[in-house]
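Here is a tour of a protein model, written for someone who is new to reading structures. Keep the 3D view open and follow along from one heading to the next.

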Amino acid sequence: MIPAVTREDLKIIGYNLGKICYVTGAVLFLPIIVAVIYSEFDTIPYFLIGSAIAFILGCLISHFLYTKKEMELKHAVCMAALAWLLAPILASVPILLSNATASGLDACFESVSGFTGTGLTLTLDIDHLSHSINFLRHFLQFFGDGIGIIVVSLSILGKTEMSSVLAFKGETKDMGMRPSIVRTSRMIIKIAVTFLIIGTILFTVAGIKAGLDPGTAVFDGLNHSMTGYATGGFSTHSQNLLYYHSVWVEVAAIVVMVIGAINFNLHYVVLGGRRREILKNIEVRVLLFMLLTFGLLVSANLLFTNFYTSGEALFRKCVFHVISAQTTTGFQTVSPSHFMLLWPVFSMVLLSAAMVIGGSANSTSGGIKMLRVGVLLKSFWGDVKRALLPKTAVVRGSFHNIEDTPLTDTVIKGAAMITISYLILFSVGTAITAAHGYGLEDSMFETSSALGNVGLSCGITSPSMPAMLKVTYMFLMWAGKLEIMAVFVLFGFVILCLRKGIKK
Amino acid sequence: MRRKVCFLAIILLLFMIPPVSAESGKELVENSVHFDNKVVTLRGEVVGVLTRGDSAWVNVLDNEVAIGVWCRANDAKKVSVIGDYTHIGDTVEVVGTFHFACTEHGGDLDIHAENFTVLASGKVVERAPDLLTVLLSAVLVALAIFIIFWLRRLREEKSKIVPWPMSWT
């Protein structure tokens, strides 16, 4: 029997959420530096208001819900699920005050899309957006998805090892790189910052080559590096990367997107000298296989429909978008309405499949994840072998992800559970979108983009879309980021509160 | 007399309505196949200029949709103000061939300009801080500082430990 929820349970969750408020408050201070650099003094009060609200809330929660008790797994998972709602709401304050969006709901949507590293946007007139608000949008992706709110909270405010380990699991980032969880968090930040610097240099050089002035190239480079590594996909321009009309910018984006879609643990061991690990890793193998298969199929489809006829066009439009979809980034060089009105259904379905599958586990990308797909494929192949071999034969499976891991029933069950949950949510999201009058393939495309935290859009996501759809996509982005299970645990916790009440 | 006034008013109104020959950016993007390889006219605000040797890309924003215009670098040099947060960019009129998947430029949607005219110069947009927002921010920051110190005092009195700001110091 599941025990009833106690006041202490709520205090433990609330107290830890207070820390998230502090960190979010600190994050909202950063764009003030950008506002000062670009003399956008009128935007400074927006960030001060947002930051002050976050700090006030954090102080009050931490004080009135103060507890010395350690988190258990249920607290950690509920806390992580709520943190991914609370932080975006707080961060939406400056976006709303700056009139960057048409309404409070749109500001929340933008913020959820930012934190979850999705990249679907409802911002009005991006080309005339202030540098500081633009920086905030991009930084939210880097901070929320590229590093992780809880990772940052642990590094700065890390209290105890036990609480930290559990909170880390709640945020779906597995430990294992370093013996200490706080050291692991710091290592994740170090890896992220290293790739941020490399990405900024790549984008800046490509931007200058594309014809930008150095100042704009650095600003755009920093922002795109943040969203590229976070596999987020926000851009400083309404045309997204099409603004640059440059193959070099697109190549820089491909490098950063692929880096972002690779497991943190793999980055760690490769940076530590085990370079051969790249080709042995099951996730890298599945990623390469998927990119090759989807890339070839989409290119062939668009070539035979005479849409893109040159090799360069097939690379820049087909391969680029397959990589953008598979890594769940969402950088786009095709107009959204071209996806909806002109691209063949087959290519749209393939891109949707790539978005649902997603990148590596423990990376910044979303989707079902390569590891689970690899495990399910291996298990499927094992069953085929079992059927073909004599009864007495024993088939043992294993996969290589940093180390050799046996393919046990528990591992297969875990992968299957998440995959089925994803597919159920995908079907529900598609049905809701289609019920609003959109075509099936467009509904599948936009739903997989929201659920997989991708950000590619076929034009459904716009400020004028129905409020019901905005709420649905916000839920999908949130559930997708938390890999669904945390959402079910939170719902279970709430139902438990309602059915059995809160005990002292 | 009334009829004459009405007639004159209609004539005046007709003169005030701008010519409708230009296609909007949204129209071009949404009906790309129809306009492909046809000469179109696009009017809009310049939001980006990227010079590439003797040629340049000028991104022109019209009706919430920006389109890249491939033109001569000398034409791009005519642009004096590029639209951003503190500027409204020059308004330009471009007459050129529209491609929904340009073979010369890696499948990009673009217009190859034959005629590039600056219709109106851009201007600076003054962005003064809103007094009410400034006041609200000052009050909230003061309140946040007060609450931090008040809770710290309470904590000292009750010997409770609040993790912030002590854990950061």
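## Two hairpins in chain B

In the hairpin of β2(B) and β3(B), 2 residues sit between the strands, and N63(B) takes a positive phi near 55 degrees. These two strands, with β3 covering residues 65–72 of chain B, pair in the antiparallel sense over 8 bridges. (Strands are DSSP runs of E, at least two residues long, while helices are runs of H or I of at least four residues; both are numbered from the N terminus. Two strands pair if DSSP finds at least two bridges between them.) Look for D62(B), which stands opposite V65(B) in β3(B). All of this comes from a predicted model, where local features need pLDDT of at least 70, side-chain atom pairs count only at pLDDT 80 or more, and totals for chains, interfaces and linings use all residues. As for the labels, residues are numbered from 1 along each chain as its sequence is written, and chains are lettered from A and ligands numbered from 1 in the order in which they are written.

Now step back along the chain to β1 (residues 39–52) of chain B, which runs antiparallel to β2(B) and is joined to it by 7 bridges. One spot to find is V49(B), whose bridge partner in β2(B) is V58(B). This hairpin has 2 residues between its strands, and here G53(B) takes a positive phi near 65 degrees. Is β2(B) mostly covered or mostly open? Mostly covered: of the 8 residues in this strand (55–62), 7 are buried. (Buried means 20 or more other C-beta atoms within 10 Å of the residue's own, exposed means 12 or fewer, and partly exposed is in between, with C-beta atoms placed from the backbone.)

## Chain A as a whole

Chain A has 21 helices and 4 strands. Its C-alpha trace spans about 75 × 65 × 50 Å along the principal axes. A compact globule of 504 residues would have a radius of gyration near 23 Å, and chain A has 22 Å, so the two agree. (That radius is taken over C-alpha atoms, and the globule rule is 2.2 Å times the number of residues to the power 0.38.)

Of those 504 residues, 60% count as buried. Take the contacts in chain A with a separation of 6 or more: 75% of them come from residues 24 or more positions apart. (Two residues are in contact if their C-beta atoms, placed from the backbone, lie within 7 Å.)

## Two domains

The domain assignment splits out domain 1 (7–260) and domain 2 (277–465) of chain A; such bounds come from an automatic or database assignment. Their C-alpha centres lie 25 Å apart. The contact takes 29 residues from domain 1 and 25 residues from domain 2.

On the domain 1 side, the elements giving two or more residues are α6, α9 (214–229) and α10 (247–260) of chain A. The largest share, 7 residues, comes from α10(A).

## Helices α16 and α20

How far apart are the ends of α16(A)? Its 13 residues (345–357) should span 18 Å at 1.5 Å a residue, and its end C-alpha atoms are 18 Å apart, so that agrees. (The expected span is 1.5 Å times one less than the number of residues.) Buried residues here include M348(A), L350(A) and L351(A). The buried residues of this helix pack against several others, among them α13 (282–304) and α17 (370–388) of chain A. Right after α16(A) comes G358(A), with a positive phi near 75 degrees.

In α20(A), the buried residues include Y473(A) and W478(A). Its buried residues pack against helices including α4 (73–97) and α21 (485–500) of chain A. Just after α20(A), E483(A) takes a positive phi of about 55 degrees.

## Where the chains meet

Chain A puts 47 residues in contact with 44 residues of chain B. On the chain A side, α3(A) gives the most, with 11 residues.

Helix α3 of chain A is also home to F47(A). Is F47(A) buried or exposed? It is buried, because 26 other C-beta atoms lie within 10 Å. Leaving out residues up to four places away in sequence, F47(A) touches L28(A), F29(A), P31(A), I32(A) and P94(A).
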